[in-house]
Amino acid sequence: MAREDEHRLRERLGKLTSLPLLRGARVSGEIKRLQRQLERIEARPSDEKIWRSVELARHQDRPYTLDYVQFLLEDWVELHGDRGRADDAAIVAGLGRLDGRTVALIGHQKGRDARERVQRQFGMAYPEGYHKAIRVMEIAGRHGFPLVCLVDTPGAYPGVVAEQHGQGGAIARSQAAMARLEVPTVACVIGEGGSGGAVALALADRVLMQEHSIYSVISPEGCAAILWRDGAEKQKAAAAFKPDAAHCLELGVVDGVVPEPPGGAHTDPGEAARLLREAVVDSLDDLEALSGEELRRRRREKFRAMGVYAVNA
Amino acid sequence: MATPRIDVSIEHRGEPATATKRHPNTCPGCGSHYRDDELEGSLGVCPQCGHHFPLRARARIAHLADAGSFVEEAADVRSDDPLGFFDLRPYAERLAEAELSTGLGEAVVIGQASLDGHPCELAVMDFAFMGGSMGSAVGEKFCRACESAVEREVPLISVTASGGARMQEGILSLMQLPKTVCAVEDLHDAGIPMFTVMAHPTTAGVLASFASLGDVTVAEPGALIAFTGPRVVQQTTREKLPEDFGLAESNLRFGHVDAILPRSELRPFLARLLRLFGRNGA
């Protein structure tokens, strides 16, 4: 079984290396990186390892978006508000300089202490947060700034007012705005990539995941409550739907895994940020070789090909 | 011990607690009971109180499309089981059961049709197939409907009824959101109109992707249209829910849909849209 899985992973990486996006001057470095990734993850994550990723992804000391901004960007200017109704603190957005270029950065933001956690709604955005994100995406598109998105949310806020303000439509339109952009876009899941609230910021040319982040259609607790009818079966649920980075890479959902310091990003935030920066800059360097129209076409083609289905004869 | 039947679909919002025991032909609005042929004759609308029963995909297509005009596409696209998903029962078994009980290959039926003489493309979801949930096959079929519409330069009419993404396909089901969004963006770029009819329920992943991106969006009376359903909102936030939480009527008031139309008015309304969006208004 393990051998078969490893084979599938190798096949997947083989496909990745032949993607047009990866051709060109940087291809050899890219292949090396993929091979390193393969070595790191070829031991298939056990159910316990998957659950450990869930715990590390939610670790209270894990670096959040604004922590990475400090390490990643110079001249950071945060932009506030959706110009309609509010400034949602669960999503931060702004402009800064990364490796000599101006970029727009959008990310979910969790709070560090009790007061900030409440203020930032535990990183669960209202529609206003996505409207703010769309506004900043449009600035990026207008001025040719590459877009970097950091994804870290348990999901979009599940409340009465959020529904009244159009949560579903806001998430759809945020994805649509990303699908329209003609600038390079890189998204990285840095903690929890929870469902629609996460994918709203992740329709990118390159989607990366940190080694111990998770990306899933529903929380393990939610899945357990619905399918097992028992929230306590969360570990079983996580093992079944496999939200860890290695499996997401294998399924072709993400383009690469960003390594973390041993023990997880929280043990050495500076090193975690350095590794993240390297991956983001590499991706942007690759993408900047393509025209805006080409980027958009390939981005849509990439997502168009996602999924596994059967064709009955 | 008998395995309990798991309802993966969706909570039954706004319906009485006895809903599980009610016969499917008994109106939850007024308690009237109907024979199958009576409901068929009334398009699944209660003649007493106007409650809209769920309409199966084939019946919906028969109602909307001109007689004999529907040509199904991508009928051979079926779900796979990429994760080997197993909760209390294997996903493969749930799929087989859904196919048998609905007579459908998947939770959406797509194809070419004409409506009042106007050629169009239809993508109609069926809630009876695993709660209308969107996995890889549903996403693929919806994208093919978009592509068929672009290729033939005809408008796309999509009718949604879905509990959201299909959990049994894990992250791949989440990826159907950006996938269908990209297909709609291609449709928009090609100048092809898209009209969405939101039937009960249109929730979660489907609402947060293609369903929200139509040029004109109409809802059926009483349909639940919400990203997060009332039960989860209640459990997570302990907020007191307004009586019409997430219903079509509330969505109209807050500006998320263009109109609420009783089923009998849907076909003439769509015909009018097809005329308005047609080349030179023809």
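Visitor: How many salt bridges does the structure hold over all chains?
Guide: This is a predicted model, and the count here is taken over all chains. Side chains of opposite charge can pair when their charged atoms come close. The number of such salt bridges in the structure is 44.

Visitor: Which residue of chain B forms a salt bridge with B:E220, and where do the two partners lie?
Guide: B:E220 belongs to the loop between β7 and β8 (225-226) of chain B, and its partner belongs to helix α2 (residues 57-64), 160 residues apart, so the pair links distant parts of the chain. Both B:E220 and its partner are buried. The N to O distance in this salt bridge is 2.7 Å, and the partner is B:R60.

Visitor: Is B:E93, which forms a salt bridge with B:R89, buried or partly exposed?
Guide: In this salt bridge the closest N and O atoms are 3.1 Å apart. B:R89 has 11% relative accessibility and therefore counts as buried, the cut-off being under 20%. B:E93 has a relative accessible area of 41%, which lies between 20% and 50%, so B:E93 is partly exposed.

Visitor: Which residue forms a salt bridge with A:R120?
Guide: A:R120 has a relative accessible area of 12%, so it counts as buried. The closest N and O atoms of the salt bridge are 2.8 Å apart, and the partner of A:R120 is A:E116.

Visitor: Which residues of chain A are linked in a network of salt bridges?
Guide: The network has both basic and acidic members, among them A:R58 and A:D152. Its full membership is A:R58, A:K110, A:D152, A:E192 and A:E221.

Visitor: How many salt bridges are there between chain B and chain A?
Guide: One salt bridge is formed by A:R304 with B:E147, where the closest N and O atoms are 2.6 Å apart. Polar contacts between chain B and chain A come to 21 residue pairs. The salt bridges between the two chains number five.

Visitor: Which element gives the most residues to the side of chain B that touches chain A?
Guide: Several elements of chain B each supply at least two residues to that side, namely β2 (77-79), α4, α5 (170-174), α6 (176-189) and α8 (230-237). With nine residues, the element that gives the most is α6(B).

Visitor: Which residues of chain B lose the most area to chain A?
Guide: The contact takes 58 residues from chain B and 50 residues from chain A. Together the chains bury about 4,800 Å², with 66% of it on carbon and sulfur atoms. The residues asked for account together for 14% of what the side of chain B buries, and they are B:M167, B:I171 and B:F227.

Visitor: Which residue of chain B does A:Q167 touch?
Guide: A:Q167 is placed in helix α8 (residues 167-180) of chain A. Its relative accessible area is 0%, so it is buried. Not counting residues up to four places away in sequence, A:Q167 touches residues of chain A including A:Y126, A:P127 and A:Y157, and from chain B it touches B:F227.

Visitor: Why is the aromatic pair of B:F142 and B:F210 stacked?
Guide: Aromatic pairs come to four over all chains. For B:F142 and B:F210 the ring centres are 3.9 Å apart, and because planes under 30 degrees apart count as stacked, the angle decides the class. The pair links helix α4 (residues 136-152) with the loop between α7 (204-207) and β7 (216-219) of chain B, 68 residues apart. B:F142 is buried at 1% relative accessible area, B:F210 is buried at 2%, and the angle that makes the pair stacked is 25°.

Visitor: What is the angle between the planes of B:F195 and B:F277?
Guide: The pair is edge-to-face, with 5.0 Å centre to centre. B:F195 lies in strand β6 (residues 194-203) and B:F277 in helix α10 (residues 263-277) of chain B, so the pair ties together parts 82 residues apart in sequence. B:F195 is buried at 1%, whereas B:F277 is partly exposed at 37%. The angle between the planes is 70°.

Visitor: Against which helices do the buried residues of α10(A) pack?
Guide: In helix α10 (residues 220-228) of chain A, the buried residues include A:C223, A:L227 and A:W228. The helix is followed by A:R229, whose phi is positive, near 55°. The buried residues pack against α3 (47-57) and α11 (234-241) of chain A.

Methods
Residues numbered from 1 in each chain as written. Chains lettered and ligands numbered in written order. Predicted model: local features only at pLDDT ≥ 70, side-chain atom pairs only at ≥ 80, totals over all residues. Heavy atoms only, no water. Phe/Tyr/Trp six-rings, centres within 6.5 Å; stacked < 30°, edge-to-face > 60°. Helix = DSSP H or I, 4+ residues; strand = E, 2+ residues; numbered from the N terminus. Buried < 20%, exposed > 50% of the residue type's maximum accessible area, 1.4 Å probe, protein only. Contact = heavy atoms within 4.5 Å. Buried area = accessible area lost by both parts, 1.4 Å probe. Salt bridge = Lys/Arg side-chain N within 4 Å of Asp/Glu carboxyl O. Polar contact = N/O pair within 3.5 Å; in protein donor to acceptor, adjacent residues only side chain to side chain.
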